[in-house]
Amino acid sequence: VTELSWTKKNLHPNRIVNPGQEVEIQILEIDFAKRRISLGLKQCLENPWKIFADNHPIGSDITGQVRNITEFGLFIAAAEDIDGMVHFNDISWKDPGEVAVKQYKKGDEVTARVLEIDVEKERISLGIKQLESDPVAEAMTGIQKGVTVTCTVSAVQDNGLEVQVNDDVTGFIRKADLSRDRSEQRPSRFNNGDKVDAIITQVDRANCNVTLSIKALEIAEEKEAVAQYGSSDSGASLGDILGAALQKKEDDENK
């Protein structure tokens with residue numbers, strides 16, 4: 001029965017063929033010991049899964065009706081007799097799967113993107129959220145470890161500062177990372193709305209969140225100043241070196 005049709009599973013043979021009907025079949029296996037020949041009918045017909053794969057490359061879009069809703073996701077009519085599945089995680093960027101799936105019912109016509117096709121396993125993976133750009137990816141553009149950013153203080157806490165890097169990305173600067181100087185590691189010296197420069201030290205893309213450090217930026221700037229303007233070994237004090245670096249920065253800003 002499994003070799004009668006590519007798409008109709010577990011059906012009685014009389015639903016597909018009739019006694020006396022002449023059919024073309026393929027010999028699949030010959031067992032001489034058991035005097036048994038295994039035959040296949042579907043092998044002489046075009047494989048709809050392969051036809052779908054040929055006509056719908058990965059990344060193309062299809063439109064079909066919702067045929068079923070299960071605990072895994074939505075099954076959408078991808079072709080006449082085959083379905084593709086939209087996993088819960090691929091329904092919406094914003095809402096969790098169990099919430100997003102409630103927006104659909106059987107018979108709804110939806111458009112989805114082809115994500116993966118496995119002809120052998122007769123499986124088509126589709127995605128609805130992929131029709132839109134990932135808002136997290138857009139928000140995190142340019143946000144990576146080691147990058148210096150200007151952020152805005154949104155909340156002053158005892159253990160550090162909450163900051164806003166952009167409209168969608170929030171961050172936190174721990175108390176110990178507020179300055180190299182321990183006497184300056186006081187969150188209270190900052191106010192909501194203050195602009196601060198800091199280096200991104202950790203990135204949490206899933207939650208659109210980063211960890212930053214003003215202290216790390218100060219250390220990096222000092223190293224750069226020493227590299228450009230000399231070192232204490234050459235007789236220059238650290239104050240002289242940093243003074244020269246700050247003067248150059250002011251001159252550049254005034255140009």
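Trainee: Is Arg 35 buried or exposed?

Mentor: In this predicted model, local features need pLDDT of at least 70 and side-chain atom pairs pLDDT 80 or more, while totals for chains, interfaces and linings use all residues. Residues are numbered from 1 along each chain as its sequence is written, and side-chain values use heavy atoms, without hydrogens and water. With a relative accessible area of 79% (buried is under 20%, exposed over 50%, partly exposed in between; 1.4 Å probe, protein chains only), Arg 35 is exposed.

Trainee: Which residue in the loop between S11 and strand S12 has a positive phi although it is not a glycine?

Mentor: Arg 35, in the loop between strand S1 (26-31) and strand S2 (36-40), has a positive phi near 50°. The loop between S11 and strand S12 (209-213) holds a residue that is buried, with a relative accessible area of 9%, and whose phi is about 55°; this residue is Cys 208.

Trainee: In what order do the five strands close into a barrel?

Mentor: Strands are DSSP E runs of at least two residues, numbered from the N terminus, and two of them pair if DSSP finds at least two bridges between them. Within the barrel, S5 (residues 83-87) and S7 (residues 123-127) pair in the parallel sense over two bridges, with Met 85 opposite Ser 125 in S7. The pairing is mixed, and the order is S3-S4-S5-S7-S6.

Trainee: Which residue in S11 is the bridge partner of Val 149?

Mentor: Strand S8 (residues 148-157) forms a hairpin with S9, with two residues between them, and Gln 157 stands opposite Gly 160 in S9. S8 also pairs with S11 (residues 195-204) in the antiparallel sense over five bridges, and there the partner of Val 149 is Ala 198.

How values were computed: Helix = DSSP H or I, 4+ residues; strand = E, 2+ residues; numbered from the N terminus.
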